[in-house]
Amino acid sequence: MAAIAGRACVTVVLLLCVLGGQALDLLMETTTPGNSPSTPTVRCRCASYPNVTLCSWPEPPHHPPTHYVATYSERHSQSVTKHCHLIQPGSASSDVISASSSSSDRLWHCHMPSLKLLTDYIINVTAVYSGSSSFHLSSFMLEDIVKPDPPVDVTVSPRDSKRLLVQWSPPPTWAHLDIFPLKYQIKYQRESRGIPQSYNLGPIESNWVVLKLKPGAYLFQVCAKELLNLGECSDWSSPVKITIPRTK
């Protein structure tokens, strides 16, 4: 913490550096008396490897900044800095992006097209207020932030008296299934009780599976993940309910 006499300026810096994982997060806040700006909380995600990368952050509900400045660069070539394409909350593009998000916040988005594979990037998001500013500085590698959107069109139907057919479609936002295939995980549990169970599909299995379960009411959900385990699994799809009746 540092103070500058005569200007009454206070700077708070939090630095986290994880060696090996090559992760770096730096939050910096510069304030003037009577004004406490909110530091952007930035999360980056690649929803369609490798061409759709977005970094997002919520707009403060009570004291939004006058504007944001977002830039990014290669970590080992910071002399070349590019400006993000900013997408404001409430815009048509933002509504399409936010439709796949479970967040209720008004989200700003920074679109970074055509990033290089296996390359560390640094993003700097600065919130500019009247008389003050704050920024979030972090690094990422494209392969670490892969997270597809959830599968769609999930259906569960009886195959016979004891077996269920679970089907789904890949997320429509994942653009290169032929080059970067997805694999899937199914989660199911009894509606009123029971521990969630999961079923992992292998790389050569299709977008369906047959499961043999005991009679009862079940909830099914599906998530998608890049075939080579890049990043993390998508959020779970909306639950689908089905009841297996008891046989007489």
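In what order do four strands form an open sheet here? Keep that in mind as you open this predicted model; the answer comes at the second stop.

**The whole chain**

Start with everything shown as a cartoon. The chain has 248 residues, and 39% of them count as buried. Its secondary structure comes to one helix and 18 strands. Take the contacts between residues at least 6 apart in sequence: 59% of these join residues at least 24 apart. If you switch on the surface, you are looking at about 14,200 Å² of accessible area, with 55% of it belonging to carbon and sulfur atoms.

**The open sheet**

Now select β4, β5, β9 and β8, because that is the order in which the four strands form the open sheet, with antiparallel pairing. At the edges you will find β4 (43–48) and β8 (85–87), each of which pairs on one side only. Turn the view a little to follow the twist, which averages 30° from one strand to the next.

Zoom in on β8 and on β9 (residues 107–111). These two strands run antiparallel and are joined by three bridges. Select His85 and you will see His111 of β9 standing opposite.

**Three disulfides**

Next, show the cysteine side chains. A disulfide is a covalent bond between the sulfur atoms of two cysteines. The structure holds three of them. Number the bonded cysteines in sequence order and the pairing reads 1-2, 3-4, 5-6.

Begin with Cys44 and Cys55, joined at an S to S distance of 1.9 Å. The torsion about their S-S bond is about 105°, so this disulfide is right-handed. Cys44 lies in strand β4 and Cys55 in strand β5, so the pair ties together parts that are eleven residues apart in sequence. Both Cys44 and Cys55 are buried. While you are here, select Cys46 as well: Cys46 counts as buried because its relative accessibility is 0%, under the 20% cut-off.

Move on to Cys84 and Cys110, with S to S 2.0 Å. Here the link is left-handed, with -55° about the S-S bond. Cys84 sits in the loop between β7 (77–83) and β8, while Cys110 is in strand β9, so the pair ties together parts 26 residues apart in sequence. Cys84 and Cys110 are both buried.

Finish with Cys223 and Cys233, whose sulfur atoms are 2.2 Å apart. Their link is right-handed, with 90° about the S-S bond. Cys223 belongs to strand β17, and Cys233 to the loop between β17 and β18 (240–244), ten residues away. Is each partner buried or partly exposed? Cys223 counts as buried, at 2% relative accessibility, whereas Cys233 is partly exposed, with a relative accessible area of 22%.

**Gln221**

Stay in strand β17 (residues 216–226) and select Gln221. Its relative accessibility is 18%, so Gln221 counts as buried. Look for the side chain of Gln221 reaching the backbone oxygen of Ser237 at 2.8 Å. Setting aside residues up to four places away in sequence, Gln221 touches several others, among them Gln185, Ile186, Lys187 and Trp236.

**Pro60**

For the last stop, select Pro60 in the loop between β5 (52–58) and β6 (67–74). At 14% relative accessibility, Pro60 counts as buried. Beyond its neighbours within four places in sequence, Pro60 is in contact with Ser38, Pro65, Tyr68 and Tyr129. Try a distance label from Pro60 to Ser38: their C-alpha atoms are separated by 7.0 Å, although the two residues are 22 apart along the chain.

Note on methods: Residues are numbered from 1 along each chain as its sequence is written. This is a predicted model: local features need pLDDT of at least 70, side-chain atom pairs count only at pLDDT 80 or more; totals for chains, interfaces and linings use all residues. Side-chain values use heavy atoms; hydrogens and water are left out. Buried means under 20% relative accessible area, exposed over 50%, partly exposed in between (1.4 Å probe, protein chains only). A polar contact is a pair of N or O atoms within 3.5 Å; within protein, one must be able to donate a hydrogen and the other to accept it, and residues adjacent in sequence count only if both atoms are side-chain atoms. Contact means heavy atoms within 4.5 Å. Axes are lines fitted to C-alpha atoms, for helices over the stretch in contact, and angles run from 0 to 180 degrees between N-to-C directions. Accessible areas come from the Shrake-Rupley method with a 1.4 Å probe; for residues, only the protein chains shown count as cover. A disulfide is a pair of cysteine sulfur atoms within 2.5 Å.
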